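I opened my notebook next to the viewer and wrote down what I looked up, entry by entry. Feel free to follow along.

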Amino acid sequence: MAGILFFDGVCGMCTRSAYFVLKLNRTGDVRIEPLQSAGVADRLGIAPSQLLDSTRWLDESGAVYSGAEAFNAAVSAALGTKLPLALYRIPGVRFVQDAIYRWVAAHRYRFPGTTPYCESHPSAC
């Protein structure tokens, strides 16, 4: 269940969220990468214009998840259990998490965070 969590590297809150997943990473199966990295749209199979719409998870099988599902998949991989992703897939839970994710994503630059990844790692962006 290894994979890469792609996130908005110019967003401090998104960077903090990605670092949070890395702190949970007891399996060593999670890597992070900013969506601003070269070639990410091609690797994910999405249009460049959709790249910053949401966080993405690319698992080792090549499956791509986005939004709340991507974050749950990353947490599942980090913890070594499918429980977060299984809970997300419960219809009512999915609806609520997706709604919250869309609202937070639309307002992400207003939330406190940490130094954006692209500021501290400019060569990666």
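**Entry: helix 3 against helix 5.** I began with the axes of helix 3 and helix 5 (residues 91-106), which come within 8 Å and cross at roughly 105°. An angle from 65 to 115 degrees counts as roughly perpendicular, so I noted helix 3 as roughly perpendicular to helix 5. I should add that the model I am reading is predicted. Next I listed the residues that meet: G67, A68 and N72 on the helix 3 side, and Q97, D98 and Y101 on the helix 5 side. Sorted by class, this contact has two nonpolar, three polar and one charged residues.

**Entry: helix 3 against helix 1.** I then turned to helix 1 (residues 12-24) and helix 3 (residues 67-79). Their axes also come within 8 Å, but here the crossing is roughly 25°. Angles under 35 degrees count as roughly parallel, so helix 1 is roughly parallel to helix 3. From helix 1 I wrote down S17, F20, V21 and L24, which meet F71, A74, V75, A78 and L79 of helix 3. The class count for this contact is eight nonpolar, one polar and no charged residues.

**Entry: helix 3 and the strands.** I also checked what helix 3 lies across, and found strand 1, strand 2, strand 3 and strand 4. Against strand 4, helix 3 runs at about 120°.

**Entry: the sheet.** In what order do the four strands of the open sheet come? I read 2-1-3-4, with mixed pairing. Strand 2 and strand 4 (64-66) are the edge strands, each pairing on one side only. From one strand to the next, the twist averages 20°.

**Entry: who pairs with whom.** I went through the pairs one by one.
- Strand 1 and strand 2 pair in the parallel sense, over five bridges.
- Strand 1 and strand 3 (residues 56-59) pair in the antiparallel sense, over four bridges.
- Strand 3 and strand 4 are antiparallel too, and I noted three bridges there.

G3 was a handy residue to follow: V30 of strand 2 stands opposite G3, and D59 is the bridge partner of G3 in strand 3. For strand 3 and strand 4, I picked out L58, which stands opposite V64. These two strands form a hairpin with four residues between them. In the turn, G62 has a positive phi of about 100°.

**Entry: burial along the strands.** Is strand 1 largely enclosed or open? Five of its five residues are buried, so strand 1 is largely enclosed by the rest of the structure. In a regular strand the side chains alternate between the two faces of the sheet. I looked for this in strand 1 and found G3, L5 and F7 pointing one way, with I4 and F6 pointing the other way, and all of them buried. Strand 3 is covered on both faces as well: R56 and L58 are buried on one side, W57 and D59 on the other. For strand 2, four of the five residues are buried, so I logged strand 2 as largely enclosed too.

**Entry: the cores.** Which residues touch the most other members of the largest nonpolar core? Of its 21 residues, I wrote down L5, F7, V21, V30, I32 and W57. Strand 1 (3-7), helix 1, strand 2 (30-34), helix 3 and helix 4 (83-88) are the elements that give two or more residues to this core. Helix 3 gives the largest share, seven residues. I followed I32 a little further: leaving aside neighbours within four places in sequence, I32 is in contact with I4, L5, F7, A18, Y19, L22 and Y117. There is also a second, separate core of nine residues, with A41, L44, I46 and L51 among them.

**Entry: a look at D53.** I ended in the loop between helix 2 (40-44) and strand 3, where D53 is found. Buried means under 20% relative accessible area and exposed means over 50%; D53 has 48%, so I marked D53 as partly exposed. Last, I took the separation of the C-alpha atoms of D53 and P84, which is 22 Å, with the two residues 31 apart along the chain.

Key. Residues are numbered from 1 along each chain as its sequence is written. This is a predicted model: local features need pLDDT of at least 70, side-chain atom pairs count only at pLDDT 80 or more; totals for chains, interfaces and linings use all residues. Side-chain values use heavy atoms; hydrogens and water are left out. Axes are lines fitted to C-alpha atoms, for helices over the stretch in contact, and angles run from 0 to 180 degrees between N-to-C directions. Angles under 35 degrees count as roughly parallel, over 145 as roughly antiparallel, 65 to 115 as roughly perpendicular and the rest as oblique. Contact means heavy atoms within 4.5 Å. Ala, Val, Leu, Ile, Met, Phe, Trp, Tyr, Cys and Pro count as nonpolar, Asp, Glu, Lys and Arg as charged, and the others, Gly among them, as polar. A nonpolar core is a set of buried Ala, Val, Leu, Ile, Met, Phe, Trp, Tyr and Cys residues joined through side-chain atoms within 4.5 Å. Buried means under 20% relative accessible area, exposed over 50%, partly exposed in between (1.4 Å probe, protein chains only). Two strands pair if DSSP finds at least two bridges between them.
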